[in-house]
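Let's take a walk through this structure together. Keep the sequence and the coordinates open beside the text, and follow along at your own pace.

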Amino acid sequence: MQSDPLIRTENLTKTYRIGSIDFPALNGVSLDIDRGEFISIVGPSGSGKSTLLNLLGALDRPTSGRVFVEGLDLFRRNENQLSDFRNKRLGFIFQAHNLLMRTSVIANVSLPAMIAGEPRARRTKHAQDLLEKVGLGDKLTRKPTELSGGEQQRVAVARALMNDPLIVLGDEPTGNLDSKTGAEIVALMKSINEERGTVFILVTHNPEVANETQRVIHLRDGQISHVERIPG
Amino acid sequence: MRERRLRAILTIAMVVIGAGLMTALNGMTTGMYNYLGGQFGTLGANVVMVLPGMESTTRITEQTATVIKRVNGVKIAIPYVQKAATVQSAGAAASVLVTGSDQRYLNEIFPTLKLAEGTLVAPQDSIGIMLGHSIAYPPDRNTPFARLGSVLTISFTTIKEKQQVTMKRSFVVRGILEEMGTSGMFLPVDRMAFMSLPAATSFFDTAGDYSGINVITTGPEKAEQVASEIRRLFGRSYEVYTSKTLIQLIQNILGAFSVFLGSVASVSLIVASVGIFAGLYTSVMERTREIGLLKAVGLKKRGILGVFLGEATLIGLIGGLLGDAVGVALGYGMAVIAGQVRSQVTSEMTMGEASISFVPPFYTLENFLFILAFSVAVSMLAGAYPAWRASRLDPVVALRKE
């Protein structure tokens, strides 16, 4: 591993104002994530897991604190620059409803590349390759409604990898799947991490998923309570 | 999914109705405009028509004619008497519009008028009459109503000393005109009869009052000048028209009418825009999650704006194009119905012959393009706010929705 971490957060806080009440979702989180890591974030409801993920994913801005990615202060960027960052450097996998239901599988996967302005032929080929890699090479023109839950998540994985991101963020990616399918998805992500070195940060409440990762960050009441290393 | 498609179809349909209505009404008024221009163009270019004023009770008399004759640029002034009457021949009767005037200059006043048989009635001929084509050869009969040399009776009813009296007199057919049909003039020439001025004056007992004066000027370029001079001399006592002002008058009225109709039709497009707004707004609400996804994957605000504005524009484009096409058919349909209504009404007024039944609508490329552009503009405007709302959605909030 390199000396400089890929991601560093400094005292990250996020406070939501609801009416006249301030609700501190995240209360000073500082952590480092290195290149090639496969980590999970766990904790009870309300611990701030999703909030942390949203901040790392530049979907939201912190109330205070900073996030450095590759040494650069993430939130010094304006909104358009953040959009660009998400498009080229990140991939997202949500628990459900990852895909545009009225578009074909291959168009769904090509979406990030289309936004990046990649020419059609190239991005279609690339999407095809990725779909083959996740085992769905024969379902290119299907619509998501024709796929099983596990298949839809595979498509989401393929899409997340489309622009060759640094980091893939998963918000309960196996939450809607049965344990067998869920394990397959985790295995897929793990193999991609080992092959390409893509960082995976998975928010999960499932200990089986957490156990497949290298490092588990435990959150409680908006702060890191402890960090667990998984041997093997 | 099906609901969404239905909604899109309905929204497009609203635009189609609005654009179609605009196209149809526009086409009809343009057609009418062209038609009337053609009709009134057959009045001689160097003719000025003097008619009794609409608001005044001043009569047109011999003195009027004398004054007019002295106006610079006037070649000759031809007074005439015109009355509705009935003509009888060998037991059959028909209604007819009788005009008494000096017929030697008839061709200068109506250049497309032609004699089929015989001659014009001489200026002092007190028993001669010239018939329009449909009087002599009625279309609903195999045999002619009258021939050259036939003797006819003209009768008309009037009030004399508080009593209704019918006057009759016999006339000899001196000539028969060619059929003018609907390409003729605004006068139903085919159903008219022409006699000399003295004959009409004495028979209709008009005692020096004329129904109007046709003034022939020395050249077309003098017509406007003469008309203004006559207007200046007589003020509002008389209505003075040249063929040019007549056309302009009709076209102005038509123009104003078509603007009015166009505005009414454009309101229907504006109503459609409310529908587009509602449809797109609902669409944005329904696709909140989708929008969140697009933002997560890196689509910028402008991109999202583009997606929804693009949909609005497409609705306007498709609706406008279809509306143009539908409008063409609609215009023809409406013109046919209008023509039939007109026939019913005018046949009572022009004594049995409908002079205009079907005026075809006229469409120009400019109109099509304008209506298309208008449809697109209205749709884009309607879609602007929902699209803007979509672009401003917070991705975190949007992603929470199912």
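Which domains does the domain assignment of chain B give? It gives domain 1, built from 2-41 + 255-400, and domain 2, which covers 78-213. Please keep in mind that you are looking at a predicted model. Taken over C-alpha atoms, the centres of domain 1 and domain 2 of chain B are separated by 52 Å.

With that in mind, turn to the overall dimensions of chain B. Its C-alpha atoms fill a box of roughly 100 × 50 × 40 Å along the principal axes. The radius of gyration of chain B is 32 Å, whereas a compact globule of 402 residues would have one near 21 Å. Buried residues account for 37% of the 402 residues in chain B. In secondary structure, chain B has eleven helices and twelve strands. As for its contacts, take those between residues at least 6 apart in sequence: 82% of them join residues at least 24 apart.

A good place to zoom in is helix α5 of chain B, residues 197-204. Which residues of this helix are buried? They are B:L197, B:A199, B:A200, B:F203 and B:F204. These residues cover an arc of only 160° around the axis, and therefore they sit on the same side of α5(B). It helps to recall that an α-helix has 3.6 residues a turn, so residues three or four places apart point the same way. What do the buried residues of α5(B) pack against? Their partners are the chain B strands β3 (74-89), β4 (92-101), β7 (151-160), β8 (163-177) and β9 (192-195).

Just after α5(B) comes B:D205, with a positive phi of about 55°. B:D205 lies in the loop between α5 and β10 (209-210) of chain B. Is B:D205 buried or exposed? B:D205 has 11 C-beta neighbours inside 10 Å, so this residue counts as exposed. Chain A offers another aspartate to look at: A:D164, whose phi is near 55°, a positive value in a residue other than glycine. A:D164 is found in the loop between α5 (149-160) and β7 of chain A. Because A:D164 has 13 C-beta neighbours inside 10 Å, it counts as partly exposed.

Now let's stay with chain A and look at its strands. In strand β3, residues 38-42, five of the five residues are buried. A:F38, A:S40 and A:V42 are on one side and A:I39 and A:I41 on the other, so to speak the two faces of β3(A), and both faces are covered. In a regular strand the side chains alternate between the two faces of the sheet. Which strands does β3(A) run parallel to? Four bridges join β3(A) to strand β8 (residues 199-203) of chain A in parallel, and four bridges join β3(A) to strand β9 (residues 215-220) of chain A, also in parallel. You can check the register by eye: A:F38 has A:F200 in β8(A) as its bridge partner, and A:V42 stands opposite A:H218 in β9(A). Strand β6 of chain A (residues 90-93) is likewise covered on both faces, with A:L90 and A:F92 buried on one side and A:G91 and A:I93 buried on the other. β6(A) pairs with strand β7 (residues 167-171) of chain A in the parallel sense, over four bridges. Within this pair, A:F92 stands opposite A:L169 in β7(A).

Chain A also has an open sheet of four strands, in the order β2-β1-β4-β5, with antiparallel pairing. β2 (21-33) and β5 (72-73) of chain A stand at the edges with a single partner strand each, so one side of each is left without a neighbour in the sheet. Further in, strand β1 (residues 7-18) and strand β4 (residues 64-69) of chain A run antiparallel and are joined by five bridges. Here A:T13 has A:S64 in β4(A) as its bridge partner.

Finally, let's see where the two chains meet. How many residues does the contact take from chain A and from chain B? It takes 16 residues from chain A and 14 residues from chain B. On the side of chain A that touches chain B, α2 (79-89) and α3 (105-116) of chain A each supply at least two residues. The largest share there, five residues, comes from α2(A). By class, this side of chain A has seven nonpolar, five polar and four charged residues.

Note on methods: Residues are numbered from 1 along each chain as its sequence is written. Chains are lettered from A and ligands numbered from 1 in the order in which they are written. This is a predicted model: local features need pLDDT of at least 70, side-chain atom pairs count only at pLDDT 80 or more; totals for chains, interfaces and linings use all residues. A residue is buried if 20 or more other C-beta atoms lie within 10 Å of its own, exposed if 12 or fewer, and partly exposed in between; C-beta atoms are placed from the backbone. Two strands pair if DSSP finds at least two bridges between them. Two residues are in contact if their C-beta atoms, placed from the backbone, lie within 7 Å. Ala, Val, Leu, Ile, Met, Phe, Trp, Tyr, Cys and Pro count as nonpolar, Asp, Glu, Lys and Arg as charged, and the others, Gly among them, as polar. The arc is that of the directions from the helix axis to the C-beta atoms. The radius of gyration is taken over C-alpha atoms; the globule rule is 2.2 Å times the number of residues to the power 0.38. Domain bounds come from an automatic or database domain assignment.
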